[in-house]
Amino acid sequence: MRSKVIGALSIAVAAVGLFAATAPALAQGKTITVWWGKGFYKSEDDALLETIKKFEAKTGIKVELSQYAIQDMIPKTVAALDSGTVPDVAYSDTYDVQAQGKWAYEGKLEDLSDILLPMKDAFAPNTLETALLYNDVAKKKAYYGFPLKQQSMHVQIWGDMLEKAGFKAADIPTKWEDYWSFWCDKVQPAIRKATGQRIYGVGQPMGVESTDSFQSFYTFMDAYHVKLVDDDGKLLVDDPKVRDGLIHALKDYTDTYIKGCTPPSSTTWKDPDNNVAFHNKTIVMTHNFTISIAAKWFEDSTNPALTDAQRAAGKQAYEQDIITASFPKAPDGSTIKYRSDVKTGLIFANAKNKAEGKQFIAFLMQEDNVRPYVEGALGRWFPVTKASQASPFWQADRHRKAVWNQFTGGTAPFDFTKNWKFTILNNENVWAKAMNRVVSEKVPVDKAVDELIARIKQVAG
């Protein structure tokens, strides 16, 4: 498989003349600006820096790299677009969810079909397709972005806390209603009795500033087979079955809070906060859109800057105590098909060095470069290439294997890949706003759902 992928990528390289014999000579003195979201782990950033070093040596093109915190990437990019001074290549974990579809629609992105189509066979299903977006200026669909990595929903559980409460992993129900009742009605009172501490059974992200909250809510919608758009992006929210499914999903999601089974602060959580609550052992389980929670403890176990005791604690947590699991069966007994969120980088239409930017992307996407970058995130991201998905890395421990099992079991894309206006809804986080209408403002669930549907129609209709 590896040789096939390298071959496909070689074609892509040829398409842009990346490694023609004269390339380094022609490129001398050329500099491209690259903006990149800062990684969670040093190994992730180190792999990117190593690829840049190799690219510069191979092509003679200098890369001026600037890395920013993820929450700063969208505001900085919008300011760059407004000023007309954009980077030559840009990547952020938030572009696909919050902006890419809109920018493609408005004609602000460069078509990358010339480098992506020749390597099409290297990509796994439901990856490259997410970058196929509509440009209303050019009146066409094209690949306005390059897929780099992806993420999906996982459940993280403290197995040692579960045991302290008098249960084991085999006791966790697989039926939907029994599952949530187990954490709330059995585990929570038992762990509080055993420890004398106010520990919560669940960490339920509900903050308006949290992407975790809408990604988790999508999983609850998928449990009830809620389909908001068709394959052409047309809204389906006027279907009474969709409304009924949304009511059930929102009720189940908010009931955890109303029953006192998630911390009161979860209504204002931002993305790191459920991780922090888990690490501090104030919750027994949470759902998270990567395994960054478990991976944090793996990094601790190998961090030379920590003490022997801290590394030992990291090893114990990662190898023994933390469980990476899936959601229970849907209420009808079916297996939930998880959403995958494919993270994409971009070249803007008015970038100064588009040809050189494409050379950089083609080089980065070679298997020898993209694999260390993705694996440098310690399992937090899953590959978009078939060859990287077959890497032994994903069979190395139970956490990564759980991720591999979920992705290889089949995934579905988010609605914003079919109707770009859902990026606006995600930016507003209408999903978390509906939750807070119920739990904070005491609005009936059906009314909150009607308000949610009205806003979806107003924005994406």
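The lining of the largest cavity, by class, comprises five nonpolar, six polar and two charged residues. This cavity belongs to a predicted model, and its volume is about 90 Å³. It is lined by 13 residues, and those closest to its centre are Asp96, Gln100, Thr130, Phe416 and Thr417. At least two lining residues come from helix H6 (100–105), and at least two from strand S11 (338–346). The largest contribution is that of S11, with three residues.

In total, the structure holds two cavities of 30 Å³ or more. The second largest cavity contains about 40 Å³ of space. Its lining runs through Gly37, Lys38, Gly39, Phe40 and Glu44, then Ile70, Tyr91, Asp93 and Lys149, and finally Tyr373, Arg380 and Trp381. Sorted by class, these are five nonpolar, two polar and five charged residues.

The open spaces come next. The largest pocket encloses about 950 Å³. Its lining is made by 38 residues, with Ile70, Thr94, Thr211, Asp271 and Pro272 closest to the centre. Ile70 therefore has a place in two linings, since a residue counts as lining when it has an atom within 4 Å of a point: it is among the residues of the second largest cavity and is also one of those closest to the centre of the largest pocket. Six helices each give two or more residues to this pocket's lining: H4 (70–83), H5 (95–98), H10 (211–223), H12 (271–279), H13 (292–302) and H19 (422–428). The lining divides into eleven nonpolar, 16 polar and eleven charged residues.

The second largest pocket has a volume of about 400 Å³. Of its 17 lining residues, Leu132, Lys141, Thr417, Lys418 and Asn419 lie nearest the centre. Strand S4 (residues 132–135) provides the largest share, three residues. By class the lining holds six nonpolar, six polar and five charged residues. Thr417 links this pocket to the account of the largest cavity: it is among the residues nearest the pocket centre and among those closest to the cavity centre.

Helix H12 leads from the largest pocket into the packed interior. The helix gives two or more residues to the pocket lining, and Asp271 is one of the residues closest to the pocket centre. Further along H12, Asn274, Asn275, Ala277, Phe278 and His279 are buried. The buried residues of the helix pack against three strands, S7 (154–158), S9 (283–288) and S10 (322–325), and against helices H10 and H13. H10 and H13 also contribute to the lining of the largest pocket. Just after H12, Lys281 adopts a positive phi of about 60°.

Which residues touch the most other members of the largest nonpolar core? They are Trp183, Phe217, Leu228, Leu246, Phe422 and Trp431, in a core of 76 residues. The element that gives the most to this core is helix H21 (residues 445–460), with eight residues. Leaving aside residues up to four places away in sequence, Trp183 touches Ile157, Leu162, Ile172, Gln188, Gly201, Val202, Val284 and Met285. A second core, separate from the one just described, has 55 residues, including Val34, Leu116, Tyr144 and Ile361.

Definitions and conventions
Residues are numbered from 1 along each chain as its sequence is written. This is a predicted model: local features need pLDDT of at least 70, side-chain atom pairs count only at pLDDT 80 or more; totals for chains, interfaces and linings use all residues. Side-chain values use heavy atoms; hydrogens and water are left out. On a 1 Å grid over the protein atoms alone, a cavity is a set of points where a 1.4 Å probe fits but cannot get out, and a pocket is an open set with protein on both sides within 12 Å along at least five of seven lines; lining residues have an atom within 4 Å of a point. Grid points are joined across faces, edges and corners, and a volume is the space filled by probe spheres set on the points. Helices (H or I, at least four residues) and strands (E, at least two) are DSSP runs, numbered from the N terminus. Ala, Val, Leu, Ile, Met, Phe, Trp, Tyr, Cys and Pro count as nonpolar, Asp, Glu, Lys and Arg as charged, and the others, Gly among them, as polar. Buried means under 20% relative accessible area, exposed over 50%, partly exposed in between (1.4 Å probe, protein chains only). Contact means heavy atoms within 4.5 Å. A nonpolar core is a set of buried Ala, Val, Leu, Ile, Met, Phe, Trp, Tyr and Cys residues joined through side-chain atoms within 4.5 Å.
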